6 protein chains.
Amino acid sequence: MARADGRNPDQLRPVTITRGWLAHAEGSVLVEFGGTRVLCAASVQEGVPRWRKGSGQGWVTAEYSMLPRATNTRNDRESVRGRIGGRTHEISRLIGRSLRACVDYKILGENSVVIDCDVLQADGGTRTAAITGAYVALADAVSWMRERKMCKGDPLVDSVAAVSVGVVKSTPLLDLCYTEDVAAETDMNVVMTGAGEFVEVQGTAEGRPFDRAALDRLLDLGVAGCAELTRLQKAALA
Amino acid sequence: MARADGRNPDQLRPVTITRGWLAHAEGSVLVEFGGTRVLCAASVQEGVPRWRKGSGQGWVTAEYSMLPRATNTRNDRESVRGRIGGRTHEISRLIGRSLRACVDYKILGENSVVIDCDVLQADGGTRTAAITGAYVALADAVSWMRERKMCKGDPLVDSVAAVSVGVVKSTPLLDLCYTEDVAAETDMNVVMTGAGEFVEVQGTAEGRPFDRAALDRLLDLGVAGCAELTRLQKAALA
Amino acid sequence: MARADGRNPDQLRPVTITRGWLAHAEGSVLVEFGGTRVLCAASVQEGVPRWRKGSGQGWVTAEYSMLPRATNTRNDRESVRGRIGGRTHEISRLIGRSLRACVDYKILGENSVVIDCDVLQADGGTRTAAITGAYVALADAVSWMRERKMCKGDPLVDSVAAVSVGVVKSTPLLDLCYTEDVAAETDMNVVMTGAGEFVEVQGTAEGRPFDRAALDRLLDLGVAGCAELTRLQKAALA
Amino acid sequence: MARADGRNPDQLRPVTITRGWLAHAEGSVLVEFGGTRVLCAASVQEGVPRWRKGSGQGWVTAEYSMLPRATNTRNDRESVRGRIGGRTHEISRLIGRSLRACVDYKILGENSVVIDCDVLQADGGTRTAAITGAYVALADAVSWMRERKMCKGDPLVDSVAAVSVGVVKSTPLLDLCYTEDVAAETDMNVVMTGAGEFVEVQGTAEGRPFDRAALDRLLDLGVAGCAELTRLQKAALA
Amino acid sequence: MARADGRNPDQLRPVTITRGWLAHAEGSVLVEFGGTRVLCAASVQEGVPRWRKGSGQGWVTAEYSMLPRATNTRNDRESVRGRIGGRTHEISRLIGRSLRACVDYKILGENSVVIDCDVLQADGGTRTAAITGAYVALADAVSWMRERKMCKGDPLVDSVAAVSVGVVKSTPLLDLCYTEDVAAETDMNVVMTGAGEFVEVQGTAEGRPFDRAALDRLLDLGVAGCAELTRLQKAALA
Amino acid sequence: MARADGRNPDQLRPVTITRGWLAHAEGSVLVEFGGTRVLCAASVQEGVPRWRKGSGQGWVTAEYSMLPRATNTRNDRESVRGRIGGRTHEISRLIGRSLRACVDYKILGENSVVIDCDVLQADGGTRTAAITGAYVALADAVSWMRERKMCKGDPLVDSVAAVSVGVVKSTPLLDLCYTEDVAAETDMNVVMTGAGEFVEVQGTAEGRPFDRAALDRLLDLGVAGCAELTRLQKAALA
């Protein structure tokens, strides 16, 4: 099956990771997966949330949001509606959980890092681009902390990257763009460590249920995609 | 490894499915997975949400909530806090998606079914118990509609059941109770059709990343658990 | 006048009070007045609200809510709407005030009891059933505290029960079910102590104003009904 | 017992009812019960709420609120807090119900009257002053409508007035001021028609439960107080 | 051009400043600019907001609001809508900033004054009337504090007054009433100190952009109007 | 006085206007005033708000927001807080009013343009940069509409630009950066048409009141700055 942009089924879109995009944030990255463009800003804060005080351990959390005109038609702002939608909540939680998988809280000490992932432009895979970029922003924020001796060693025990995979017209594809995402029968997000282990696997039957063989083929694609993204993260941080 | 309640690793807790627990709802089920107790009420409404009007197709949605004292310590009500939390949003969306996987919207016609899943008592696996019970409530609501000729045929193309699996102290376990859930290194929810295909797979590394072999073992457990739950749903509906 | 369910005008519906319905709560009761079914959970918390700190006195409060499909047609959740309605506020306040009438705060010490009254099924008289059941849940929570020496003596100076009365087609009736409640010209809720004194009297002209004689007849019915409920509470606690 | 302001137990505070206090409202009254000062504005609106459309019947509703510095210490605005408190809800509902007791909806036709009762200064009895003043504002709004032939006859079938009564140091008192209200063992609000029938009776044991004799003495005081207020309303409207 | 009420273009409406309108507030003023009537209540509170603690400096802030029927047609309450509108926010901030221009925070000490400006009736210029009245209420609150030795000297370094000006049918006018305000091509609010310096100048092209000459003429009118209001404030405080 | 970045008092920071920064929006601009970076997206929508339907006239509105880490320290999201702050409201209103000053609604027809101005990075003057960029985004959106014959002619009757001016250490300065803004005694925003007339003038005494001479000097600076920005807008659109 030919993809709209001529890619092979197992090929990522062009990925760019631009570090230091913001002047103020301790770590910041503009990450692009094709037309998807997410600004990731890591903010270091001394101290931890109340429920964690006195534990000697740090905390990492994330907030995801989309600008109103990131998409093809304008969406109302969640601030104007006065409440955060379920999709936003769900993705913010996923990003936070994913990043926490590579952090040693004790080495981080009682410090917090909040990573804001704002989608400036959306073309599918915004949550996986966000995780991939957020890790790099987190790494820069951690370097900033280490320069200031805020932590006793390297709190990052591994790296984290993520990619979407899905079945479109019976063909498993890597890194779906928006039109592919809409047409997918099955959609899966795979979050992995640099060491090649799973942090999160979320597969959803959009159009029809899927069998174990389809699940396995999607996991294969996701594993390969994350490995390539891990390579790109390393190159960006080099 | 011995489980606290003496179960085998691949054994479900005692499951009861009590139909018709409420007088008013078109379908209602009190479902129990051990100490987890969820009241599922299916409400039939003529018409569909605005964005679906004129499509000739129906809609199924779900809302999940937990009573303040379902858990070991009391949680504030989301109505009092004035906003729904991320976890509630996420689970409501999961239940809705899962049920929609077994519905033929065209046969349903322009009717809606809302399924309220209220956790009266929580002991792990509330979302999977909710999905399993909600399907039975939905089936009863659909029977109610068919008696009234509201749909032209059976809109349920299959059944749906769900179970949690996880790795605790390196042992894969089926249907985690609360203490097991808290101790799990990896946690996965598996939603399947009666025909044995996947609707949703959500695996999360709680403590440490997991490899492909662990993922496969958890899927095996989940497949077997869902098959048993499908059998119990059929018995309850017989 | 014959009542729909064959009761005499001065007769309560079948009342059941099931203690210990929940595993986690310090006191819990499923109370049923005919088809009205309310789950009352009493949660003990060390400490008191900020405005009461250092007083040496405790606090008792209540929250009332109705599940979306407790009623004949589904109501939107207040958590989804993002605000608590006036009726909910009013009833929560009434239940709290009623229970506080039987508590000696000094003996309770600086401890709080929150009583959640969730209506699982509604058929009229939900607030009076809630008060009647909540007292029993409170009594169990107090026993739990006394076993743990959290208070220096018995903080319950009396019991509290409540019942609705009303005038339907010119006949004063005790314990109105939903269809009677809707048809009532005058509606009154009576809350009384076990000793037979009034805690709260709320009479409302629904259809037409009422005179002193009607008020007196309603009070007579309410006094008798509360006495019977007091007897049932004592039996349940025996 | 001597009252702080020298009144007899069965004596109202000085009551003034100033009509036409606002230039824009169809009916407006500044009502004063001693130091309690409530501005009541009746707004006529063509049409009725959605649930009443096509019924041929009108609607009357009320909203109560207190300015932040109506009281001895400043209260935060409910608009700033983003939610209406339980007390405000409860009183708004009481005022609406009370006024509706004197309205014939069919004669009113499909028109609405909203009565805003804003407490400019509080010294006890704000809700009863509000009801008493709101009736006069409603009467003026109805006259305004009748001049414009918006209704076919007089939709007011009677008048409505309200007063608080309470037991302070074992003495039943009429029309409690703030310091008396705080000291009251029992507190009751009585709403009556001009014809001397009850619209609403709300008695609450603040400090200790009360017996039937106390209830009767309070009702006697309330009946006399409402009769006097009815006389003052008539004089104001003459 | 003749103005509807016969005023000259450079003439204020009748202004009345009634001090001590409320019994409880430390300073209170009912200010009237023609048909515009604003109740200003100054509340003294010991202590300052958290971000200012330990600075040795005080704080002054304001909240503006309009009663629902202050205007020709009824507006919904912001408390009912659950959020404060942009216009309310903007005016509250303007009043606070204006008053702070005449306060020496160090002399005020760590005390706060909150000034509530509630529009009882609106006929144009509500924000400028509010500022003019709020200053007088603030002055009375400051006197109250000085009597109690809460501050070491006079924290008011000057007075503040405000007036609206605008161009209607090409004629610059002082102190616009509502009908003039609606018809204005340009609208400006001028806030000045008693010493004749500017605190705030906000000019807006409502219908068409304005040139420097028009701006100058409006400023001339505003300067004269504020001088007259300063005189009236002094007289009221004498 | 030497400015931190070596500019003359009457010199703008480097200004860049990048059109077409977003793929989806009908008009989009990334505008930079030195370190201030605002993304302006103009969205065309058929139809107008309800209150304007049937008028034959269009509508233009704007929403301003700041990303959490646009500033030196992180700010909580307004969507998370559940309400929009006063500053955001105020600036959104200012931008909308400013743009509307150059639009002929009748030529626009019953179409709406919403302009989202999201501050990606803040270094003073975000509202004036937003207005200046938003005009260019609006112009592009209007061209898009004209290509599709959505309006009968050019609805833009002029251009609009804005700049901040202020007095720092007694020196009037053009286009304040953040550190200058914080130190300013007086702060003014000037919005002007391309023809050199005023749309909005907002001057505020931050530290001390200002006299007419200072006001005049600031206006002179603002007039010159807006003329230069108008030239840059024209160049960008050429």
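These are my notes on a charged patch, two annotated spans and a binding site in a predicted model.

**Ground rules.** Local features here need pLDDT of at least 70 and side-chain atom pairs 80 or more, while totals for chains, interfaces and linings use all residues. Residues count from 1 along each chain as its sequence is written, chains are lettered from A in the order written, and side-chain values use heavy atoms, without hydrogens or water.

**Patch.** I looked for surface charge and found a positive patch made by Arg50 and Lys53 of chains A, C and E. Patch members have over 30% relative accessible area and no salt bridge, with like charges joined within 9 Å; a salt bridge would be a Lys or Arg side-chain nitrogen within 4 Å of an Asp or Glu carboxyl oxygen. I then checked A:Lys53, which sits in the loop between β3 (36–46) and β4 (59–66) of chain A. A:Lys53 counts as exposed because its relative accessibility is 58% (exposed is over 50%, buried under 20%, partly exposed in between, 1.4 Å probe, protein chains only).

**Domain spans.** UniProt's unreviewed entry lists "domain: Exoribonuclease phosphorolytic" for residues 11–141 and 159–224 of chain A. I get 30 Å between the end C-alpha atoms of 11–141, with 30% helix and 32% strand. For 159–224 I get 15 Å, 29% helix and 44% strand (helices are DSSP H or I runs of at least four residues, strands E runs of at least two).

**Binding site.** The same record's "binding site" covers A:Arg87, A:Gly125, A:Thr126 and A:Arg127. They spread over 41 residues of sequence but cluster in space, with a largest C-alpha distance of 13.4 Å. I placed A:Arg87 in helix α2 (residues 86–100); A:Arg87 is partly exposed, since its relative accessibility is 32%.

Definitions and conventions:
Patch = residues over 30% accessible without salt bridge, like charges linked within 9 Å, V, L, I, M, F, W, Y side chains within 5 Å. Areas by Shrake-Rupley, 256 points an atom, 1.4 Å probe, with all protein chains shown as cover. Lys, Arg positive; Asp, Glu negative; His and termini not counted. Charge placed at Lys NZ, Arg CZ, Asp CG, Glu CD. UniProt positions renumbered as here; feature names shortened; annotations may be inferred.
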